[in-house]
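Q: Please take a close look at one part of this model and describe how its pieces fit together. I am a first-year student, and I would like each technical term explained once.

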Amino acid sequence: DVPKVPDSRGDSDGPRRGSLCDGHCAAINNAQGDLGDLGCHLHRPRVPPATSTPSCCQQHSEEVCESCVVKTTLTAENAVEANKLSNNYKFGFKKWKSHVTERPWEDRSEIVKELYSDLNVIRGSGGSTVTCGNVLYLLLFGWWLSLLYILVAAVMFLTVMGAPYGQLCWDLAGYFLWPFGKVIQKVEVPKSHQVCEAGAGESSALLGGPTPLRWRPRCWVGTGSWRRASAVVWLCLGCPVLVLAHGLVCVTAWLLIVLIPVAKLSARATSRVLPLPPERVLIRRLRMTEVPLEGEVILCCYRAANPYYYKYAVDGINVFAVNLLPLVLVTLVLGYVDSPNHLTGSAVKFTLALLSIMPLSYYIGMAIASISAQSNFAVGAVVNATFGSITELTFYITALIKGSREGNRCYAEVVKSALTGTLVGCVLFVPGLCMVIGGIRHQEQRFNSRSAGVSSALLFLSVGGVFAPTLFSKVYGKLVCGECHNVTQNPLGHYLCHNCHFDLMDNNGTLYYSHVQPLVYTVSILLPAAYLVGLIFTLKTHTHIYDIHISDCHMPGHHHSAVVHWSRWRALLILLLSTLCMSACADLATEHISPILTNSTISQYFIGVTVLAMVPELPEIVNGIQFALQNNLSLSIEIGNCIAVQVCMLQIPILVLFTIFYPTNFTLLFSDLHVYASMFSVVLMNYIFMDGKCDYFQGTVLVMVYFILLAVYFFAPSPSGC
């Protein structure tokens, strides 16, 4: 849903220095087909300096030419949206794809406009109404809903007083069996037909005012008391059953997402059709040559299914996040009310708690993006640094606390596996998957190798710092084995040993407490300091690396004022509530993970690096895929790099410092498998990103390597202590 590219020459503020360069850059990017972000246009010149500089300098000065080569121009509808787009390119800020402000209606595509229609617009014939989605409606809802209307009509006819409503239900039975290509109108009875026997001046029990007659060759017969009695019979016997049926259809169709038009159909029928008197409802089939009668159109549906409803949003919230929100409530109620596991077992509660983390991660991400877009740089940096990793840290800390209380070292090993899985997944799987999906649409994708180089350098530094205590312990530790057997029965022969590890507690733990532990604390202080230096380098002293320029040329029809979905206070409230619910879900997940760890035949390594590591990152993965589909691979890569850097430079130091105030079994000593997998992933990622361009083949390589590592973790034995 990308609006038309505005004419950059029409700047209402007059000519500015560099405006010619902006137009030249736009021409270069249009030739290369480099698309921009949703709701904006990112003009990123990728012509090599050797070829672009001479042609540029023939028309512009050297200063303007240099700006043209390196500048990235962002064009947004308003200042808030432009600030959000600029934050996407800042190191340490959460990358957010969706809009934080309402998009102007005139800039939406026809496909998106159809998603938000109220099913009350009559349009020309669009072909046959016999489609797969319409047939699916007939099989799922149409037949039994029509049958229910026939039964209600029979009941209304039997009551005699409800006969007019029985006729209405009979007509609606045929409509809801196949509503496509038909229209329901709210009609006004002509004055010539408003005289009826003894009932013209009475009031309607449902709508009030004079009761018009049904626009058919018949009218209501009886007094006002008779009509009120008929309405009471309808409200008591017929309407409640139909309202419940339409509510069930509405909820079911909404959860299926692609059938949201059916949900709108049922909701509109409940609120606009059923309360009307029968004589004001007209049901008719549309024909191409037929002119619609005068009257308000209540319902007019052509398609029951629309695959583009994955774009649908409610108050800026994606429909998937809206549908998963009740899952959070079910998880919390079921987890804390059914503590003895009478209704469900631990496996079900653990799965529900883990799935509930996904919508909460979405709400936290949108709240952070909304606050950052409406605030200055300092507030945005603090919010991103504070709440950017709150999802993962909440789960890790609750798991470590539970492991410390139970004296179970397995929880600490699972946390280490989840940390490693997040690092490996964000370095290999996230950018690899984005390259594959984006490469299907675009033959070759380019990205800002300079900004990616900054993240890669920090990633190298962070991985080296995180695994430094592990390497130190292997150099100076004493190798101790649990069981050793002489295979050759010769005292000088080979021995087969099991459960070998490096003992750091020799001589009353002198090596660990005097050397390893101080090294761990030193690394935990230096890594956040390096992260802070990276923020200052990329956001203050060397901002030209990201080449961000906010264009003040707004699109036609746009206004400078922005209508935000979430205000700062509302976003802050949602952020705090989502964090609180996240803590509760993390507590439930750690409470019910113990039976899975003890009874499962799968290695605890595999559970940690897959389920616990990647499920909270699913919203970020979706954002990366959407960026890649729009040929904006720079942000897709930055999403993975940013998460990986935060794991090493923020999350792990916070966990280490947390153990100072609350002693747990967590130590910054990883198994060999974690060390080798992480280092190999970082080296491979930097090798792929060297030239600043990629295709689906390189993405396939990253994804395949990730799956190979998963296979290694799957067949690996469980860690010691589990």
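A: **An open sheet and the helices across it**

Among contacts in the protein chain (heavy atoms within 4.5 Å) between residues at least 6 apart in sequence, 80% join residues at least 24 apart. This is a predicted model, in which local features need pLDDT of at least 70, side-chain atom pairs count only at pLDDT 80 or more, and totals for chains, interfaces and linings use all residues. Residues are numbered from 1 along each chain as its sequence is written, and side-chain values use heavy atoms, leaving out hydrogens and water.

The protein chain holds 24 helices and 14 strands (DSSP runs, numbered from the N terminus: H or I of at least four residues for helices, E of at least two for strands). It has 722 residues, and 52% of them count as buried (under 20% relative accessible area, with exposed over 50% and partly exposed in between, by a 1.4 Å probe on protein chains only).

The part chosen here is an open sheet of three strands, and their order is β4-β3-β5. The pairing in this sheet is antiparallel (two strands pair if DSSP finds at least two bridges between them). Strands β4, residues 281-285, and β5, residues 296-301, are the edge strands, since each of them pairs on one side only. On average, neighbouring strands of this sheet are turned by 20° against each other, with direction ignored (axes are lines fitted to C-alpha atoms, for helices over the stretch in contact, and angles run from 0 to 180 degrees between N-to-C directions).

Strand β3 covers residues 182-186. It pairs with β5 in the antiparallel sense, over five bridges. One position can be followed across this pair: Lys182 stands opposite Cys301 in β5.

Two helices can now be added to the strands. Helix α7, made of residues 163-177, lies across β3, β4 and β5. The direction of α7 is at about 145° to β3. Helix α9, made of residues 260-273, also lies across β3, β4 and β5. For α9 the angle is given against β5, and it is about 155°.

A single residue gives a closer view of α9. Ser266 has its place in this helix. Ser266 is buried, because its relative accessible area is 2%. Leaving aside residues up to four places away in sequence, Ser266 touches His246, Val249 and Cys250.
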